[in-house]
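Here are some friendly notes to read alongside the structure. Please keep the picture open and find each residue as you come to it.

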Amino acid sequence: MTLSLDQLKEARTALDTPLFAGLSGDDVAVSFEFFPPKSAKMEETLWNTMTTLAPLAPRFVSVTYGAGGSTRERTHSTVARIIRETDVPAAAHLTCVNASKQEIREVAEQYWEAGVRHIVALRGDPPDDATGFVPHPEGYASAAELVKGLKDIAPFEISVAAYPETHPEADCPQADLDNLKRKLDAGADRAITQFFFSPDAYFRFSDAAAAAGIDAEIVPGILPVSNVAQTRKFSGMCGAQIPQWMDDLFEGLDDHPATRQLVAATVAAEMCRRLYAGGVRNFHFYTLNRADLSFAICHLLGMRAKSSALKEAAE
């Protein structure tokens with residue numbers, strides 16, 4: 001029997017070393033993002049997630065900050081608990097929305113007093129009833145201004161956002177890159193990208209950033225797709241493209257959650273493996289307060305759980 005070129009290609013692929021074989025995980029570092037819980041049950045879910053992921057020894061975990069500062073107290077209490085009960089460094093998100101410079105100073109000082117040394121500084125999304133971002137008359141007009149202001153308050157480690165497929169409000173990709181450079185020049189230590197579903201999107205963005213004189217670390221943000229409809233909504237808001245092949249893979253799985261989880265882990269893990277092949281060693285996972293998918297991907301990348309990292313477990 002004569003094999004076609006396509007068949008030969010598939011045969012070579014099937015005989016190659018397994019994609020994740022031989023990865024020790026020793027050179028991989030990860031971080032995880034959570035959102036503050038709204039109820040006691042959600043807090044229990046978050047803490048179970050934290051208990052599962054902490055033994056992977058993440059560089060840090062971050063806790064988001066709702067539109068218009070709507071979760072300020074819950075964000076603070078969640079971060080404070082992580083610092084109090086674990087050995088994992090915790091970062092708090094902070095935005096410019098609906099806050100004066102004095103209010104932001106008070107929040108930042110409270111974080112510093114609670115032991116927070118890392119802030120994810122964002123311009124922030126406007127409240128749901130607003131048509132666009134409008135700076136507070138006595139506040140910061142941009143994330144770059146916020147970064148500079150935070151550095152004047154305390155020597156925080158600061159992460160900022162980057163958009164591989166361009167921020168929806170940016171005039172063009174170059175304008176978006178210029179904005180990122182302003183944030184880094186203002187004192188930010190690294191950028192964490194919005195999620196994306198194509199490794200090429202990240203690599204193209206990294207190359208463009210380097211060409212623009214940006215030499216800071218750009219950490220890829222990874223969103224394992226646990227909820228397809230929710231991901232489509234998120235993608236529409238932030239400008240991330242869902243490839244047609246990925247849409248096709250999830251078709252018909254709305255009523256099959258276990259299968260959907262398997263597909264989601266496979267898709268995200270393969271993308272991380274391709275990023276790894278391109279030299280990426282640091283990954284930031286948008287967990288949506290669930291551990292399973294992120295833990296599975298880290299395991300495939302060779303990472304293994306170490307100590308519990310929970311202070312109460314060591315006592």
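1. **A term to begin with.** Buried means under 20% relative accessible area, exposed means over 50%, and partly exposed is what falls in between, using a 1.4 Å probe and protein chains only. By that scale alanine 208, at 31% relative accessibility, counts as partly exposed. You will find alanine 208 in helix α7, which covers residues 199–211. Helices (H or I, at least four residues) and strands (E, at least two) are DSSP runs, numbered from the N terminus. Try pairing alanine 208 with proline 224: they are 16 residues apart in sequence, and their C-alpha atoms are 25 Å apart in space.

2. **What kind of model this is.** This is a predicted model, in which local features need pLDDT of at least 70 and side-chain atom pairs count only at pLDDT 80 or more, while totals for chains, interfaces and linings use all residues. Residues are numbered from 1 along each chain as its sequence is written, and side-chain values use heavy atoms, with hydrogens and water left out.

3. **The whole protein.** How many helices and strands does the protein have? The secondary structure comes to 12 helices and eight strands. The radius of gyration is 20 Å, close to the 20 Å that the globule rule gives for 315 residues, so the protein is as compact as a globular protein of that length. Here the radius is taken over C-alpha atoms, and the globule rule is 2.2 Å times the number of residues to the power 0.38. Along the principal axes, the C-alpha atoms fill a box of roughly 75 × 55 × 40 Å.

4. **Inside and outside.** Of the 315 residues, 47% are buried. The protein exposes about 15,900 Å², and carbon and sulfur atoms supply 50% of that area. Accessible areas come from the Shrake-Rupley method with a 1.4 Å probe; for residues, only the protein chains shown count as cover.

5. **Contacts along the chain.** A contact means heavy atoms within 4.5 Å. Among contacts between residues at least 6 apart in sequence, 80% join residues at least 24 apart.

6. **Aromatic pairs.** Rings of Phe, Tyr and Trp (its six-membered ring) pair if their centres lie within 6.5 Å; planes under 30 degrees apart count as stacked, over 60 as edge-to-face and the rest as tilted. A search of the whole structure finds five such pairs. In one of them, the ring centres of tryptophan 112 and phenylalanine 156 are 5.1 Å apart and the planes are at 90°, so this pair is edge-to-face. The pair links distant parts of the chain, 44 residues apart: tryptophan 112 is in helix α4 (residues 101–113), and phenylalanine 156 is in the loop between α5 (143–153) and β5 (157–162). Tryptophan 112 is partly exposed, with a relative accessible area of 27%, whereas phenylalanine 156 is buried, at 1%.

7. **Another aromatic pair.** Tyrosine 202 and phenylalanine 203 are also edge-to-face, at 5.7 Å centre to centre with 70° between the planes. Is tyrosine 202 buried or exposed? At 6% relative accessibility, tyrosine 202 counts as buried, while phenylalanine 203 is partly exposed at 22%. Phe196 joins Tyr202 and Phe203 in one aromatic cluster.

8. **Backbone angles to look at.** Most residues other than glycine have a negative phi. Alanine 57, however, has a positive phi, near 55°. Alanine 57 lies in the loop between α2 (40–53) and β2 (60–63) and is partly exposed, with a relative accessible area of 47%. Leucine 288 has a positive phi too, about 55°. Look for leucine 288 in the loop between β8 (282–286) and α11 (292–300); its relative accessible area of 25% makes it partly exposed.

9. **Two neighbourhoods to explore.** Serine 235 lies in helix α8, residues 228–238, and counts as buried at 5% relative accessibility. Leaving out residues up to four places away in sequence, serine 235 touches Phe195, Phe197, Ala240 and Ile242. Alanine 186 sits in the loop between α6 (173–185) and β6 (190–195) and is partly exposed at 21%. With the same sequence limit of four places, alanine 186 touches Ala144, Val147, Lys148 and Lys151.
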